[in-house]
Amino acid sequence: MTHLRGLGYLRVQATDLPRWRELAIDSLGFAEGTGPDPDGLYLRMDERQARLIVLPGDTDRVQAVGWEVRDTADLAKVAADVEASGRGVKELAVEECAERGVERAISFEDPAGTVVEVFCGPVLDHSPVVTKWAQKFHTGAEGMGHVVLPTTSPAETTAFYTEVLGFLTRGSMKVPGDRRIQFLGINRRHHSLAVCPAPHDEAPGMVHLMVEVDELDAVGRALDEVNKREFSISSTLGRHTNDKMISFYVRAPGGWDIEYGWDGMLVDESSYTAEEITADSYWGHDWSGSEPLAAFVPR
Ligand SMILES: [Fe+2]
């Protein structure tokens, strides 16, 4: 059983903040939040101060993937489990927690080298969440969405998330080389994480972030806007076979994608069994026009 409740936040650093702003706020319709770095982009999806945090840096890469637990007692249990697995755990300082808008947090690395943060006590912002398309992001008990992380050691990385952090397997898909993309869940969202075989563990350390909205029209409007602003569409609109999401993928500055979707399924654990999909979509999701993802470009 996992102590993690959902994907809480994603912190990335980026070289082109203006273009990020144009993508996240002007096109995808995230609400603008506030945070300690005056040059940072703090993106709200709900009552949290920020879910997606984009900070200025000299390279484009993920800084940390944040997972939420119920309280300090569960935080201590996760820290003990990770330490027992042989990985070092660092407690974040008071200032670092303040920067993240959380009460307490710990940090450690997964086998792929991704910095994982686990936190409790998110600080809320009770002002209205003003999104561009008047859409509501699907967060709540399902967390902010899902991330797909690249790894050169997929079996070890998957084992860490399932055996140490308690993620449930939520199916897989074979990829060339007799390997699998493994989908993993911690709540009713079909997957909060996917572990994806990749040729290197270097930056940016991300394949995609998925966020979900409550209206198909918002997906369509966002798609029109990213086209108008000449962002690269990695994948056309389509419906996935596993989480049933209707979505498109747009290339974010930095070589990874944001998947923007609607109508994801909710898993009923009393009847669910982990399946193997043989195609990722029922229709659409044409990747033929995609520029190569930085995570898959061999070094
Ligand atoms: Fe996805």
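This is a short guided tour of the structure above, a predicted model.

**Stop 1: the iron ion**

Start by selecting the iron ion. Which residues coordinate the iron ion? They are His146 and His208, each through the atom NE2, together with Glu259 through OE. The distances run from 2.1 to 2.2 Å. Along the sequence, the spacing of these donor residues reads H-x61-H-x50-E. Colour histidine 208 and glutamate 259 next, a pair that links distant parts of the chain. Histidine 208 sits in strand 13, which covers residues 208–213, while glutamate 259 sits in strand 16, residues 256–262. In sequence, 51 residues separate the two.

Now switch on a surface view. Are these two residues buried or exposed? Histidine 208 is buried, since its relative accessible area is 9% and buried means under 20%. Glutamate 259 is also buried, with a relative accessibility of 0%.

**Stop 2: a salt bridge inside the model**

Stay with strand 13 and select glutamate 212. Its side chain meets that of arginine 189 in a salt bridge, with 2.7 Å from N to O. Arginine 189 belongs to the loop between strand 11 (179–185) and strand 12 (193–197), and this pair links parts of the chain 23 residues apart. Glutamate 212 is buried, at a relative accessible area of 5%. Arginine 189 is buried too, at 4%.

A general idea helps at this point: side chains with opposite charges can pair when their charged atoms come close.

**Stop 3: another buried pair**

Next, pick out glutamate 68 and arginine 48. They form a salt bridge in which the closest N and O atoms are 2.9 Å apart. Glutamate 68 is found in strand 5 (residues 61–69), and arginine 48 is in the loop between strand 3 (41–44) and strand 4 (52–56), so the salt bridge ties together parts that are 20 residues apart in sequence. Look at the surface again: glutamate 68 is buried with a relative accessible area of 14%, and arginine 48 is buried with 16%.

**Stop 4: a network of charges**

How many salt bridges does the model have? The count comes to 23. For a linked group, select Arg19, Glu22, Asp26, Lys132, Glu225, Lys228 and Arg229, which are joined in a network of salt bridges.

Within that group, zoom in on arginine 229 and glutamate 22. Their side chains meet in a salt bridge of 3.1 Å, N to O. Arginine 229 is in the loop between helix 5 (216–228) and strand 14 (233–240), and glutamate 22 is in helix 1 (residues 17–27), so this contact ties together parts that are 207 residues apart in sequence. Arginine 229 is partly exposed, having a relative accessible area of 24%.

**Stop 5: the largest pocket**

Turn now to the pockets. The largest pocket has a volume of about 560 Å³. To find the middle of this pocket, select Ile181, Cys196, Val207, Asp280 and Phe296, which lie nearest its centre among the 26 lining residues. Strands 9 (146–151), 10 (168–175), 11 and 12 are the elements that each give two or more residues to the lining. Which strand gives the most? Strand 11 does, with 3 residues. Colouring the lining by class shows 16 nonpolar, 6 polar and 4 charged residues.

Pause on phenylalanine 296, in the segment after strand 18 (281–284). Phenylalanine 296 is partly exposed, with a relative accessible area of 32%. Try a distance between C-alpha atoms here: phenylalanine 296 and aspartate 201 are separated by 9.7 Å, although they are 95 residues apart along the chain.

**Stop 6: the second largest pocket**

The second largest pocket has a volume of about 220 Å³. Select Val62, Gly113, Thr114, Pro204 and Gly205 to see the residues nearest its centre, out of 14 that line this pocket. Strand 5 supplies the largest share of the lining, 4 residues. By class, the lining holds 7 nonpolar, 4 polar and 3 charged residues. Colour the model by domain as well: domain 1 (4–120) and domain 2 (140–293) each give at least three residues to this lining.

**Last stop: a glycine in a loop**

Finish at glycine 177, in the loop between strand 10 and strand 11. Is glycine 177 buried or exposed? At 63% relative accessibility, glycine 177 counts as exposed, because the cut-off for exposed is over 50%.

Methods: Residues are numbered from 1 along each chain as its sequence is written. This is a predicted model: local features need pLDDT of at least 70, side-chain atom pairs count only at pLDDT 80 or more; totals for chains, interfaces and linings use all residues. Side-chain values use heavy atoms; hydrogens and water are left out. Donors are N, O and S atoms within 2.8 Å of the metal (3.2 Å for Na, K and Ca); water is not among the atoms, so sites may look incomplete. Buried means under 20% relative accessible area, exposed over 50%, partly exposed in between (1.4 Å probe, protein chains only). A salt bridge is a side-chain nitrogen of Lys or Arg within 4 Å of a carboxyl oxygen of Asp or Glu. On a 1 Å grid over the protein atoms alone, a cavity is a set of points where a 1.4 Å probe fits but cannot get out, and a pocket is an open set with protein on both sides within 12 Å along at least five of seven lines; lining residues have an atom within 4 Å of a point. Grid points are joined across faces, edges and corners, and a volume is the space filled by probe spheres set on the points. Ala, Val, Leu, Ile, Met, Phe, Trp, Tyr, Cys and Pro count as nonpolar, Asp, Glu, Lys and Arg as charged, and the others, Gly among them, as polar. Domain bounds come from an automatic or database domain assignment.
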